[in-house]
Amino acid sequence: MATESEISDGDQLDRELAELLEVERFEPPPEFRERALLKDPAVYEQASRDPLGWWTRQAEDLHWFSRWDTVLDDSDPPFYKWFVGGTLNVSYNCLDRHVEEGRGERVAFHWRGEDGQERDITYADLLAEVQRFANALKDLGVRKGDVVGIYLPMIPEVVVSMLACARIGAPHNVVFGGFSAEAVRERMEFSQAKLLITVDGAARKGTTAPVKDRVDEVMGGLPSLEKIVVVRSKGTACEMQQGRDVFYDEIVAAADPHCPAEALDAEHPLYILYTSGSTAKPKGILHTTGGYLTGVSATHRYVFDLKPETDVYWCAADVGWVTGHSYIVYGPLSNGATSVMWEGAPDYPHKGIWWEIIERYRVSILYCAPTAIRACIKWGSQWPRKHDLSSLRLLGSVGEPINPKAWLWYHKVIGGERCPIVDTWWQTETGAIMITPLPGITATKPGSATFPFPGVFAEVLDESTGEPLPEGQGLLVLTRPWPSMLRTLYKEEDRFIETYFSRFGRETYLVGDAARRDKDGYFWVIGRIDDVVNVSGHRLSTAEVESAIVAHVDVAEAAVIGQHDEDTGQAIVAFVTLQGTLEGDESTIEGIRGTVADRIGKFARPKRIIWADDLPKTRSGKIMRRLLRDIAEGRALGDVTTLRDPAVMGELEQRVSELQAQED
Ligand code: WT7
């Protein structure tokens, strides 16, 4: 039961938030603007007049072994090349440069284990470990260009692994630790990984989940995969296959400590990251070296107004998603930042752990997802209020649209009304932040990502005419190439063109989101226009979940949609037809959810399963998900005349309303 003081505090907070809801724009606080790296709005104009000049200046902030001769080769769109002829190394930029310039003793990561264990890792520590591990990888036969899989939790070795790959020019393929071993196998197969780096076990809210054993169950019979490196993190017992498996600590101890960074071509592949698209097969987004690092480094510095000597920065994402790649690893390290890295969940050992960590390390910049903020709102403001959050000076949001209420709560309860909020819109494909406020310049509106970053060109196009809309709703596109853009889909060139560069031609990147511009030109990103669902900032394709569901023996057919959800943004709802005369019950539901957990990961399990005798299909047999979405959201049904059998809709509506009555 809530105490009296909590109740009155809640009411008062609600009143204060309601008042803030009236505020249309939040100007950067004068003290913030005064000290901001960028405070002159002319930067937008300069960058738009001469984008290549702007990006050149950003690239010049990096260390290059040899300078490029051409900034942008746009002779064969959409295959753009940036900083052509230049050579550099990402790990050199993230490590050696700082150590050589006397910053070796600076903490790169304050790592905190779920059990409270703490490790401070300096830039010099990281450089030493990365060199040894890079040599160990070479000793195991990894050569420049070989793909290395990484399936690790939030432990320092995941950063070491990524940088060691970057050092020797072996593109990494990181798979988020929440994916199942089967999903890892699939991604290793698609990318023909030669080696996989994984862990004995991972912390899961007070217990340890076996990881290596799960990997062993599925990883046999992959001809390309020669070696598995196992980090001993939790001391979980695991089998080691002779000739294939080695322990990380043993090979690192045996390796030569000196490994110079390879000078790599600006367009050398840095990594592949699989993400969900419209079909069941995930897309291998390919990022390269020079343009990517230019984009993430510049955006990290300016969007977060980073002062590396004094800031403590915390991106509370998982390194397995692009947010982690760009804004836990490459952006912050290239800028010499001190970061926090937290191994665990936001609600373990207690619901105030994030705020405890912020107080403990005096975090000044926090970057997280709206889902996390909404969860904190639900848990109550008494958790953050127990801690001193006065070190915070800037807040960021990423991954999904942030609703104004969550924005205002973040602003008031976490930011104490003194911290600008940067709502950053971007994608795995864009590599770096594309639409965002600049915290010392931009007046923000809660829920709007505001304007494109300098040097980025975005438009909202009318869906039918393809004409740019200065105001109104349409399709979001990027109209000029940018340095950190994906270069292709790994081994699927045609799909790359078809997905992003067919609707409006080869020079206009189709984002896949709907967006609106208001009378002041602000961008409001609404959500996906394709069959991609965003659950708690995790990107999933409906087709991917459907194919996992039909793998269950009792299932004949399934259709999956994303339904609006107060907590997770969207939730997975599955309409399922069972084989023959089977009747679905609780145990069938659990069985189906288990199959999805095995095939993809627990985060992809459907929240609701609705039994359907039949699914709404066109005469040609295509499932009409649009109608299922209408039903799930309780909207009036759209056009049903093209349905083969319109009667199925009545039955489904009935089922959904029964289920809703049960849940209420
Ligand atoms: C999709 C990309 C950005 C890195 C993490 C997600 C949605 C992302 C925002 C935002 C509204 C957003 C879009 C986008 N999205 N950020 N600030 N406001 N929507 O990367 O997994 O590739 O997902 O996330 O729908 O297309 P991702």
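Domain bounds here come from an automatic or database domain assignment. With that in mind, let us walk through this predicted model, starting with its broad division and ending with a few backbone details.

**Three domains**

The assignment divides the protein into domain 1 (4-53 + 289-449 + 478-528), domain 2 (122-262) and domain 3 (532-663). As written, domain 1 is pieced together from several segments of the chain, 4-53, 289-449 and 478-528, while domain 2 is given as the single range 122-262.

**Where domain 2 meets domain 3**

Take domain 2 and domain 3 as a pair: their C-alpha centres are 37 Å apart. Their contact draws on 7 residues from domain 2 and 9 residues from domain 3. Together the two domains bury about 520 Å² between them, and carbon and sulfur atoms account for 50% of that area. On the domain 2 side, the residues that lose the most area to domain 3 are Phe179, Ser180 and Glu182, which together make up 61% of what that side buries.

What holds charged groups across this boundary? The count between domain 2 and domain 3 is 2 salt bridges. The rule also finds 3 residue pairs in polar contact across the interface, with both residues at pLDDT 80 or more. Sorted by class, the domain 2 side that touches domain 3 has 3 nonpolar, 2 polar and 2 charged residues.

**Salt bridges in the whole model**

Side chains of opposite charge can pair when their charged atoms come close. The structure as a whole holds 52 salt bridges, and two of these pairs are set out below.

| Pair | N to O distance |
|---|---|
| Arg187 and Glu544 | 3.7 Å |
| Asp520 and Arg25 | 2.9 Å |

Why is the pair of Asp520 and Arg25 worth a look in terms of sequence? Asp520 sits in the loop between β24 (509-517) and β25 (523-528), and Arg25 in the loop between α1 (4-20) and α2 (30-35), so this salt bridge ties together parts that are 495 residues apart in sequence.

**An open sheet**

Next comes a sheet of 8 strands, which is open and mixed in its pairing, with the order β12-β11-β8-β6-β7-β14-β15-β23. The edges are taken by β12 (245-247) and β23 (488-489); each has a single partner strand, so one side of each is left without a neighbour in the sheet. Further in, β8 (residues 195-199) and β11 (residues 227-231) run parallel and are joined by 5 bridges. One detail of this pairing is that Leu196 has Ile228 in β11 as its bridge partner.

**Backbone details**

Just before β8, in the loop that follows α8 (181-191), you will find Gln192. Gln192 is not a glycine, yet its phi is positive, at about 50°.

Which peptide bonds are cis? One of them runs from Pro77 to Pro78, with omega near 5°. Pro78 belongs to the loop between β1 (70-73) and β2 (81-84). Another cis peptide bond joins Tyr348 and Pro349, where omega is about 0°. Pro349 lies in the loop between β17 (338-342) and α13 (353-361).

Note on methods
Residues are numbered from 1 along each chain as its sequence is written. This is a predicted model: local features need pLDDT of at least 70, side-chain atom pairs count only at pLDDT 80 or more; totals for chains, interfaces and linings use all residues. Side-chain values use heavy atoms; hydrogens and water are left out. Contact means heavy atoms within 4.5 Å. Buried area is the accessible area (1.4 Å probe) that two parts lose on being put together, summed over both. A salt bridge is a side-chain nitrogen of Lys or Arg within 4 Å of a carboxyl oxygen of Asp or Glu. A polar contact is a pair of N or O atoms within 3.5 Å; within protein, one must be able to donate a hydrogen and the other to accept it, and residues adjacent in sequence count only if both atoms are side-chain atoms. Ala, Val, Leu, Ile, Met, Phe, Trp, Tyr, Cys and Pro count as nonpolar, Asp, Glu, Lys and Arg as charged, and the others, Gly among them, as polar. Two strands pair if DSSP finds at least two bridges between them. Helices (H or I, at least four residues) and strands (E, at least two) are DSSP runs, numbered from the N terminus.
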